[in-house]
There are 4 protein chains.
Amino acid sequence: MNFGVIGYGYWGPNVVRNLTSLEDSQVLTIAEISAAARKRAQKAYPGINVTSDAAEVISSHDIDAIAVITPVWTHYELAKAALENGKHVFVEKPFTSNTAEGEELINLAERKNLTIMVDHTFLFTGAVKKISELLNEGTLGKLYYYDSTRVNLGLFQHDINVLWDLAPHDLSIMDYLLKASPEAIVATGQKHLNSHEDVAYMTLYFPEKVIAHINVNWLSPVKIRTTLLGGEKRMLLWNDLEADEKVKVYDKGVDVTNREGVYELLVNYRSGDMWAPQLEQVEALRQELSYFVDCISSGQQPINDGHAGLRVVKMLEAASESLSKKGSLVYL
Amino acid sequence: MNFGVIGYGYWGPNVVRNLTSLEDSQVLTIAEISAAARKRAQKAYPGINVTSDAAEVISSHDIDAIAVITPVWTHYELAKAALENGKHVFVEKPFTSNTAEGEELINLAERKNLTIMVDHTFLFTGAVKKISELLNEGTLGKLYYYDSTRVNLGLFQHDINVLWDLAPHDLSIMDYLLKASPEAIVATGQKHLNSHEDVAYMTLYFPEKVIAHINVNWLSPVKIRTTLLGGEKRMLLWNDLEADEKVKVYDKGVDVTNREGVYELLVNYRSGDMWAPQLEQVEALRQELSYFVDCISSGQQPINDGHAGLRVVKMLEAASESLSKKGSLVYL
Amino acid sequence: MNFGVIGYGYWGPNVVRNLTSLEDSQVLTIAEISAAARKRAQKAYPGINVTSDAAEVISSHDIDAIAVITPVWTHYELAKAALENGKHVFVEKPFTSNTAEGEELINLAERKNLTIMVDHTFLFTGAVKKISELLNEGTLGKLYYYDSTRVNLGLFQHDINVLWDLAPHDLSIMDYLLKASPEAIVATGQKHLNSHEDVAYMTLYFPEKVIAHINVNWLSPVKIRTTLLGGEKRMLLWNDLEADEKVKVYDKGVDVTNREGVYELLVNYRSGDMWAPQLEQVEALRQELSYFVDCISSGQQPINDGHAGLRVVKMLEAASESLSKKGSLVYL
Amino acid sequence: MNFGVIGYGYWGPNVVRNLTSLEDSQVLTIAEISAAARKRAQKAYPGINVTSDAAEVISSHDIDAIAVITPVWTHYELAKAALENGKHVFVEKPFTSNTAEGEELINLAERKNLTIMVDHTFLFTGAVKKISELLNEGTLGKLYYYDSTRVNLGLFQHDINVLWDLAPHDLSIMDYLLKASPEAIVATGQKHLNSHEDVAYMTLYFPEKVIAHINVNWLSPVKIRTTLLGGEKRMLLWNDLEADEKVKVYDKGVDVTNREGVYELLVNYRSGDMWAPQLEQVEALRQELSYFVDCISSGQQPINDGHAGLRVVKMLEAASESLSKKGSLVYL
């Protein structure tokens, strides 16, 4: 599989490193507008063609698939051109700037029989795989809530707010784990340093009383990556910053009984062992790119296809609308 | 100062223990409806009169002040009767079930020249005192946000939701530290086990772009008590569960410059030392009750007077309204 | 069971509180040399006789058992007098100042058919009970090492060094868990502030290649209470300062093979889940004192009898000898 | 500066990566006995000559300096040959297998006017630099103790025990920070899986009552990298596994007074703020190699020269002797 990569900024080098180390793939051309970044790319990969012109990648006859690792506002144009030229597309998250763009790309790919994969890297981590497995096995019982905190100092983006920057991680994970779509969204936040929100909060109402909440912040003195999942039978804490024991399953629960004629609730708290399952130790991006190559070869639809990317964009769009109204409920 | 105490459930024993150990105060009578709790009270304090009838406390001629340590829906009736009988009142948080009740109690106390203190215990902890000192000295610079997480397993209340149960701590601390009133509130949440929300989130919009957020949850497998304050000059993390180093001040910040003609923001991250100030080691409730005795003697208005209690009730009321509309913005 | 308590300093109040709350026991007399401490005792327990004269406790006809909660150098005289007067004895750890004293007390108690219990409180904690259970069930496999760190700032003792102050906890736990006696001991340490060591280290060689190590320190800025146990099949971490999850069992191990003709070792690391068993939530001292009452009634020999106390004293004696020679190997 | 590198196993690739990225240095040849490792080296660095024969590096006329990144038992032969061929030498720690070898290499280098640097990488970390600065400024006051724990699961070495594998880190740091030589050493330990100790403890007696202790273990379920330094004025905790706040300085101390005629010690505990200084964020190995190039150019003697390496070897030798006698005191 011959790859072209557009964008060699913060994340692009990781994509190139993994694509070049995979058995079945190689990178032919890297396109990047920054001269300094082009220089770094050329030094690291003397054998790869490095250009300032994305069109060179898009129009190349030797390239089968293109990785678009650029700011979100450029995704649509680049991915569209790539698809039109018959290339499979791996595109950085969030998929597109709005729903219309995402739908158009999906339709185009389907017409052309090409594969779109959106870079929802976290789906390929040992932690998310294990949590998915536990949920599928019913270990947690009926889910009550999903609550994530993703805060740190910076990196401020100049084209998007903190919600579009950090929440796609949580939304893509949540979309994968919950296998359900939110009915309505409330988002609040504030801008302190420029024209984009740097602190934001998002509540998502799912069917069957499942509630999700996301706390994202570019102005936190400490880095926090913590997700809580509460279920009827067990509860789970995922702390992605722990070196070991990232995922802890608590055999804890609450039973509430309303006995007839009894005024007070009968609440019974159950507390048992805690258990930290061994997680697969892999580089998620490597697995994801290898899976991309496999999907193209086999024609299999990726779990993180355009539709998955579009669902995340729809949630972000609804959140933006709510945020602009300081927290109004927006139905999806 | 002779005290009567109404309510000897979860928190009442702590109030009695501290009142009896203070130099200037003693407890004459404890009223409690549960026979089992009365028995415990009598065993622990053979010298105190224990009764099932609150009216016995309220009408006693020897009692100067009454501590009302009962469910919130009883506060108004009990405090009103106490004030009408010329007693000073120490009342558990939240002050009352609604604004009207709180206002009536404040007016009554003012007419009768009596002192109301609402049990905002946290204001008397070493941590909150130190944070207040740091804010007043300008150590953090202009404040950007206040973000608190207060979650644990239970204790489910049968008469109020998790917001009325846990958020009064945060709201009273925030009210004291920020010295400002929110302009609008958004609250979201969900009920899973009974007719009250067990998971809830609250955003408060303050003037000058200050935003506050509170995350409360009765269904968390782990106990979290973490508050982040972000300021222009420094940032602060308060983890109340740390044995030592509860408050950490980070010499971190972000400067954003928009240079004319330059497209990208110039963002400068500043990162210096962290500093954990030594905190006063005191039992907060003891200090608060001692301060209550002092305020009554001196006629001084407590920092946690009826007005402070009322401000918290107003925020809770607005939050309840927003919550019932699944997150609509409610102006105060 | 009627108790007399000698010593109402740091630990005595806890003993009295538990003895008075147990169903089957009451405290008749407390003897204490400090007038201030006697005043505190009398205020807290108006119904108990408080005296400055230990002989009053020892010679009382109504008293069945005596708790000796005094400095170690007084244990022998007080316990001997108590036993001679036909009283059962609960004595603070370490049991005695030397082996000879301990042996004499054991012989005396046996002749008189009286019970000696040494206050090895930790044996009655949920953590030690669970670890004992895991070892007995073979969960860890053959044990390799026991490594404990017990450091904090102070409290400096004026009559004993840090080894005699803090290590008895570890030695009594280890004696209980390992069910084996060390063959030889090496101890090192240093005095900085007075004539007793404030920093000390102790290695114990047990049969079958089991090694134990204890690190005790009165000059540490942070409090650490961590014990590691390594076994052939699993490994265990006990952090007594964790609120929850004090004991963690790691499904980790190492297999080393020496294949014939192959120079390098074949080392295979095994790494599986971590598991934090739910621990019994009890006040250890209450359980221990209740067990003392039971042992007296039933004539059962306590697990923490004089012999257990003597084994700890023997280890401390050997350690002292080694320490005085800056670390010479001392055989037991 | 033209480099040859002998050894491309675990650590060698890091040395090559840094040497190739430095401005003033390049790697001409890598010698490595494992064919698989040679293949990896050649793939990563197509422009570098890769050979199985160390002599090719040693005898090359174009090479100025040689990095010896091989097992300790090979250091002497390789470094000697390199020095005899007029090459400067960067050698992995520990410097040599014994004192005699180390002294011979130092003498040879001095005769030939060549530079030896021993890879004591930790001296170039932000943490050690800051601790050194604090000690030199007298922030901690007179030092009382240095206590390090360095434990994890594996990596088992087949030619040396855990003391020779892990303790050189601590010994080199301690040697640099304390600027003093130990007077005597006690070491204990045990072998469980093969013929080398996998658990070991080391006490070092320094002049002026300074005591040091090192706890190393290949059989720990958790990784610990914690060093405590206690001083008269302040105390310090260095936890190298913390992402931020690796070094914490505690304004804590103890004053002990022996007042004439007063039996009990007057102990006064002082407890103030904690402070985590901002540390330099650098790759230590890069700084060290850059410093090596500078030292060669300028003729400056490195802080981690052969003498520093030899002091560490002497301590290890004494520890080995003590260990073989199960803890006898060995004077240096």
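Student: How many degrees of turn lay chain A on chain B?

Tutor: Start with the general idea: two copies of a chain are related by a rotation about an axis and a shift along it. In this predicted model, a turn of 180 degrees with a shift of 0.0 Å along the axis lays chain A on chain B, and the RMSD is 0.0 Å. That is the relation of a two-fold axis.

Student: Which C-alpha of chain A is nearest the axis?

Tutor: That of Ser328(A), which sits 2.5 Å from the axis.

Student: Okay, on to the contact. How many residues of chain A and chain B are in contact?

Tutor: Count a pair when the C-beta atoms lie within 7 Å. On that basis, 40 residues of chain A touch 40 residues of chain B. Elements giving two or more residues on the chain A side include β7 (143-153), β8 (184-190) and β14 (266-276). β11(A) has the largest share, six residues. Sorted by class, this side of chain A has 24 nonpolar, 12 polar and four charged residues.

Student: Why do we say the copies meet through the same surface?

Tutor: Because 100% of the interface residues of chain A are also interface residues in chain B.

Student: And what does the contact take from chain C and chain D?

Tutor: Here you get 40 residues from chain C and 41 residues from chain D. On the chain C side, β9 (199-205), β10 (211-217) and β13 (247-257) are among the elements that give two or more residues. β11(C) gives the most, with six residues. The classes on that side of chain C are 24 nonpolar, 12 polar and four charged.

Definitions and conventions: Residues numbered from 1 in each chain as written. Chains lettered and ligands numbered in written order. Predicted model: local features only at pLDDT ≥ 70, side-chain atom pairs only at ≥ 80, totals over all residues. Contact = placed C-beta atoms within 7 Å. Helix = DSSP H or I, 4+ residues; strand = E, 2+ residues; numbered from the N terminus. Nonpolar A, V, L, I, M, F, W, Y, C, P; charged D, E, K, R; others polar. Least-squares fit on C-alpha atoms with pLDDT ≥ 70 in both.
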